[in-house]
Amino acid sequence: MIKPLPFRKQSPLTLNLWNAAVVVGSVMLCALMLILRLPVMVLSGIGPNWLLVWVVTWSIKRTSVEGVLAGICLGLIQDGLTAAQPTHTVGLALVGLLTGRLNKKRFIQEDFISIALIVFAMALMVEAVAAIQFGLGGTHRLEDVWLHFRQMALSSGILSSLWAPVVYFPLNRWWTRYHRLLGIE
Amino acid sequence: MLFLFRWWERYRLGLILAILCLGGAWIFSRSQGVGLLEVFRFISGPAQTDAAKQKQLVDAQTVQLRQQMADLKSRNQTLQELLDQDSVQNKQAIAVQILGRSADNWWQQLTLSKGRTDGIDVGSVVFAPGGLVGRVTAVSQGTSRVLLISDPTSRIGVIVSRSRHMGILQGQSSTDAIVTFFDKDPDVKVGDAIVTSSLSRLFPPGLLVGKIKTLKLEQNYNPQATVELAVPISKLEWVTVYLNDQTASLQKTVPANP
């Protein structure tokens, strides 16, 4: 249960400002982590896909439309950090769509295991989408893309799902409290 | 007797813990805290630059210098009269710290902590001890992004330093890259140094890229070779960036057709 409610007396506007700050701050943090590659987070040069974890966390309690929007925004951010061609928006938007459509009430308890499994599957999907984009793009040879995909998708999925709670837990906690304070839930 | 037994039953856990703590503290004080320091070193290990890495970098630099010398010697024979005017070049390079790596697993990029304000521009060539690292592809006021030579989209004209056979080097998203030779039967063997070609418009010639690891010459056309890149890119923390004027002047001084 959530005991202290320091924001109880705050107006909805202040609350929304706080929420915006949390959203922007967490996305920036995720983007920063994406390029940092701290030694403990790296498996053979591959790090977790923090933005993917963020999109899953965001979409898990929201509609698929919100999920797609978040996916596109974060995909654009990732484009800005690497290269715009091929774009990352397709993969992340799909992640937002699918996570938003998951019937959480029936199939999935909101615990770390479910989140980790969702993130794992979504990471595989994002890499597959990227592989298809690279394969169709013509800059890479198909067999190279396939080889790289096989080497990388699994490590990316495992790392992302292992680190998912780091993003999921605080954000989910904040949003639960935020919605409760606003009287949405 | 029963009193003693009860006392022991009641306090034995605390007693054992107290003795353990005291004993541990005593051992710790006698050993000048070595144990704790070792634990600390172990924990912070990933953040330290260990000696093996340094040695690898120094070794790589030695190889680079040796190969550069050999390359200069062989080039000198053909280019002596053309190069005599601009042989002394004022090298303008800055050392830059690496801020981060590429933000996904498909691109091989670096983010550097200096940008346009320090004179870096798109196309600036990036080095590290050992040889070529890549080329700046995007630059902002305070940062710049480097496309590494290990990226599959990066193709570089290279030559075998010993026999001057030309080829194109393409990254493989790993520490190895693949050279495709133009000649059907190139004179190349395992261990040969691969340097940038003087025909390359993007890179100054004669820079060590790597050395041949395995050969696949039996293919009918386009014989290929796997090249081990000279720079341990994943371990780098600092790189050297040649500012653009310098790259330009290097290109100007080198004739297009040796």
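**Exercise 1. Place strand S8 of chain B among its partners.**

Task: Find which strands pair with S8(B), and in which sense.

Solution.
Step 1. Start with strand S11 (residues 224-229) of chain B: S8(B) pairs with S11(B) in the antiparallel sense, over five bridges. Within this pairing, B:Ala177 stands opposite B:Val227.

Step 2. This is a predicted model. Now turn to strand S7 (residues 166-171) of chain B. Five bridges join S7(B) to strand S8 (residues 176-181), and the two run antiparallel. Here B:Leu169 has B:Val179 in S8(B) as its bridge partner.

Step 3. Recall the background. Strands of a sheet pair through backbone hydrogen bonds, either parallel or antiparallel.

Step 4. Set both pairings in the wider picture. Chain B holds a closed barrel of six strands, in the order S6-S7-S8-S11-S10-S9, with antiparallel pairing. From one strand to the next, the twist averages 40°.

Step 5. Check the surroundings of S8(B). Five of its six residues are buried, and the strand is mostly covered.

**Exercise 2. Look at phi in two loops of chain B.**

Task: Describe B:Ser173 and B:Arg164 by phi, place and burial.

Solution.
Step 1. Begin with the general expectation. Most residues other than glycine have a negative phi.

Step 2. Take B:Ser173. Its phi is positive, about 60°, although the residue is not a glycine. B:Ser173 sits in the loop between S7 and S8 of chain B. These two strands form a hairpin with four residues between them.

Step 3. Is B:Ser173 buried or exposed? Its relative accessible area is 17%. The cut-off for buried is under 20%. Therefore B:Ser173 counts as buried.

Step 4. Take B:Arg164. Phi is near 60° here, again a positive value in a residue other than glycine. B:Arg164 lies in the loop between strand S6 (155-160) and S7 of chain B.

Step 5. Classify B:Arg164. Its relative accessibility is 30%, so B:Arg164 counts as partly exposed.

**Exercise 3. Work out the surroundings of strand S3 of chain B.**

Task: Find the partners of S3(B), and say what its two faces are like.

Solution.
Step 1. Look at S4(B), residues 131-139. Four bridges join S3(B) to S4(B), and the strands run antiparallel. B:Val125 stands opposite B:Arg135 in S4(B).

Step 2. Look at the turn. The hairpin of S3(B) and S4(B) has two residues between the strands, and B:Gly130 takes a positive phi near 120° there.

Step 3. Look at S12(B), residues 238-242. S3(B) pairs with S12(B) in the antiparallel sense, over three bridges. B:Val125 stands opposite B:Tyr242 in S12(B).

Step 4. Recall how side chains are arranged. In a regular strand they alternate between the two faces of the sheet.

Step 5. Sort the residues of strand S3 (residues 125-128) by side. B:Val125 and B:Phe127 are on one side, and B:Val126 and B:Ala128 are on the other. All four are buried, and both faces of S3(B) are covered.

**Exercise 4. Study one residue, B:Thr111.**

Task: Give the element, the burial class and the contacts of B:Thr111.

Solution.
Step 1. Find the element. B:Thr111 belongs to strand S2 (residues 109-112) of chain B.

Step 2. Find the burial class. The relative accessibility is 13%, so B:Thr111 counts as buried.

Step 3. List the contacts, leaving aside neighbours within four places in sequence. B:Thr111 touches B:Gln97, B:Ile98, B:Leu99, B:Gly100 and B:Arg101. B:Thr143 and B:Ser144 are also in contact with B:Thr111.

**Exercise 5. Describe chain A and its interface with chain B.**

Task: State the make-up of chain A, then describe where chain A meets chain B.

Solution.
Step 1. Count the elements. Chain A has seven helices and zero strands.

Step 2. Check burial and contacts. Of the 185 residues in chain A, 48% are buried. Among contacts in chain A with a separation of 6 or more, 73% join residues 24 or more positions apart.

Step 3. Turn to the interface. In chain A, 27 residues are in contact with 18 residues of chain B. The two chains bury about 2,000 Å² between them, 54% of it on carbon and sulfur atoms.

Step 4. Look for polar links. There are zero salt bridges between chain A and chain B. Four residue pairs are in polar contact across the interface.

Step 5. Which helices of chain A each supply at least two residues of the side that touches chain B? They are H1 (12-36), H3 (64-81), H6 (112-137) and H7 (142-182). H7(A) gives the most, with six residues.

Technical notes
Residues are numbered from 1 along each chain as its sequence is written. Chains are lettered from A and ligands numbered from 1 in the order in which they are written. This is a predicted model: local features need pLDDT of at least 70, side-chain atom pairs count only at pLDDT 80 or more; totals for chains, interfaces and linings use all residues. Side-chain values use heavy atoms; hydrogens and water are left out. Buried means under 20% relative accessible area, exposed over 50%, partly exposed in between (1.4 Å probe, protein chains only). Contact means heavy atoms within 4.5 Å. Two strands pair if DSSP finds at least two bridges between them. Axes are lines fitted to C-alpha atoms, for helices over the stretch in contact, and angles run from 0 to 180 degrees between N-to-C directions. Buried area is the accessible area (1.4 Å probe) that two parts lose on being put together, summed over both. A salt bridge is a side-chain nitrogen of Lys or Arg within 4 Å of a carboxyl oxygen of Asp or Glu. A polar contact is a pair of N or O atoms within 3.5 Å; within protein, one must be able to donate a hydrogen and the other to accept it, and residues adjacent in sequence count only if both atoms are side-chain atoms.
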